[in-house]
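Welcome! Let us walk through this structure together, one piece at a time.

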Amino acid sequence: MTTPRSKLRPSSSLQNHWELVYKSQNHAQVSWHQKHSTTSLDWILEHTKPSQDIIDVGSGVSILTDNLIEEGYSNLSAVELSESAIIATQKRLGGKESLVRFYCQNILDFETDQRFDLWHDRAVFHFLTHESEQKKYINKLNTHLAIGGYFLLATFAPDGPTICSNLDVASYDEKAVRALLADDFRMIKTASEDHITPTGKLHQFNYFLLQKISTPPKNTGVV
Ligand SMILES: C[S@@+](CC[C@H](N)C(=O)[O-])C[C@H]1O[C@@H](n2cnc3c(N)ncnc32)[C@H](O)[C@@H]1O
């Protein structure tokens, strides 16, 4: 994991940052763009059923929800800071958007009574470069994921970029993820992926699939 360099940003300034990204940039040209979901989709199809509750955290304008709906999934949720990204996704879904519950929110403030069977995060957790934010995120994950549910995490790999969208990012290998989550999760599998950005750059990702094994969320002292 890389050393945090940035100062903790207030939630509103982070929201403004991402809102500007989606208002000012061509959505098909952002570095994380995928025409079709890859490892995330494969692993979700392999480990869940279409009737199960799936949440995509920091969904942006990702094609994952479209791909899951095509596969018959209908209990989808998406949490995203940028309203513009949510509106663009809803428009693209063209009539199928009612199959997705959209929350325009910081994941660190997310609250719901729902318990998810799979929590997906591609390129969001790695923006949390401060330990206090990471603990808060893991607390949310623990609270909202059902026992036996899956955490599918995709982050930059240690040989990947150190900055994305002008923000510092952390990077993870299996050891670093185990160190963060070993108390409550068991590692099911990992994979590396070379993501080629729309401008032809190589961004190395690591994917991790973990399963929640223990019961109550721990009191980490973080609120
Ligand atoms: C690099 S993009 C990845 C988008 C999407 N997951 C994908 O794979 O295409 C990161 C996304 O996470 C959102 N995001 C960043 N921090 C967030 C937070 N704390 N809570 C909710 N969304 C967040 C951003 O607005 C952005 O859409």
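A residue is called buried here if 20 or more other C-beta atoms lie within 10 Å of its own. Keep that in mind as we go, and remember too that this is a predicted model.

Let us begin with strand β2, residues 76-80. Five of its five residues are buried, so β2 is largely enclosed by the rest of the structure. You can follow this on both faces of the strand: Leu76, Ala78 and Glu80 are buried on one side, and Ser77 and Val79 on the other. One neighbour of β2 is β1, and these two strands pair in the parallel sense over four bridges. If you would like a spot to look at, find Ile55, whose bridge partner in β2 is Ser77.

Now step back to the sheet that these strands belong to. It is an open sheet of seven strands, in the order β3-β2-β1-β4-β5-β9-β8, with mixed pairing. At its edges are β3 (100-104) and β8 (185-196), each of which pairs on one side only. From one strand to the next, the twist averages 15°.

Further along the sheet we meet β4 and β5, which pair in the parallel sense over six bridges. Here Leu118 stands opposite Tyr150 in β5. Helix α5 packs on the sheet and touches β4 and β5, its direction making about 145° with that of β5. Another helix, α2 (residues 39-47), lies across β1 (54-57), β4, β5, β8 and β9 (202-212), and runs at about 165° to β5.

Helix α5 deserves a second look. How far apart are its end C-alpha atoms? With 14 residues (131-144) at 1.5 Å a residue, the helix should span 20 Å, and the ends are indeed 20 Å apart, which agrees. Which of its residues are buried? They are Tyr137, Ile138, Lys140, Leu141, Asn142 and His144. In general, an α-helix has 3.6 residues a turn, so residues three or four places apart point the same way. The buried residues of α5 pack against β4 (116-122) and β5 (145-156), and also against α6 (174-181).

Finally, let us visit the ligand. Of the 19 residues around the ligand, the ones that come nearest are Trp18, Gly58, Gly60, Ser62 and Arg122. What kinds of residue make up this shell? It divides into eleven nonpolar, six polar and two charged residues.

Technical notes:
Residues numbered from 1 in each chain as written. Predicted model: local features only at pLDDT ≥ 70, side-chain atom pairs only at ≥ 80, totals over all residues. Expected span 1.5 Å × (residues − 1). Buried ≥ 20, exposed ≤ 12 C-beta atoms within 10 Å, placed from the backbone. Contact = placed C-beta atoms within 7 Å. Pairing = 2+ DSSP bridges. Axes fitted to C-alpha atoms, helices over the stretch in contact; angles between N-to-C directions. Near = placed C-beta within 6 Å. Nonpolar A, V, L, I, M, F, W, Y, C, P; charged D, E, K, R; others polar.
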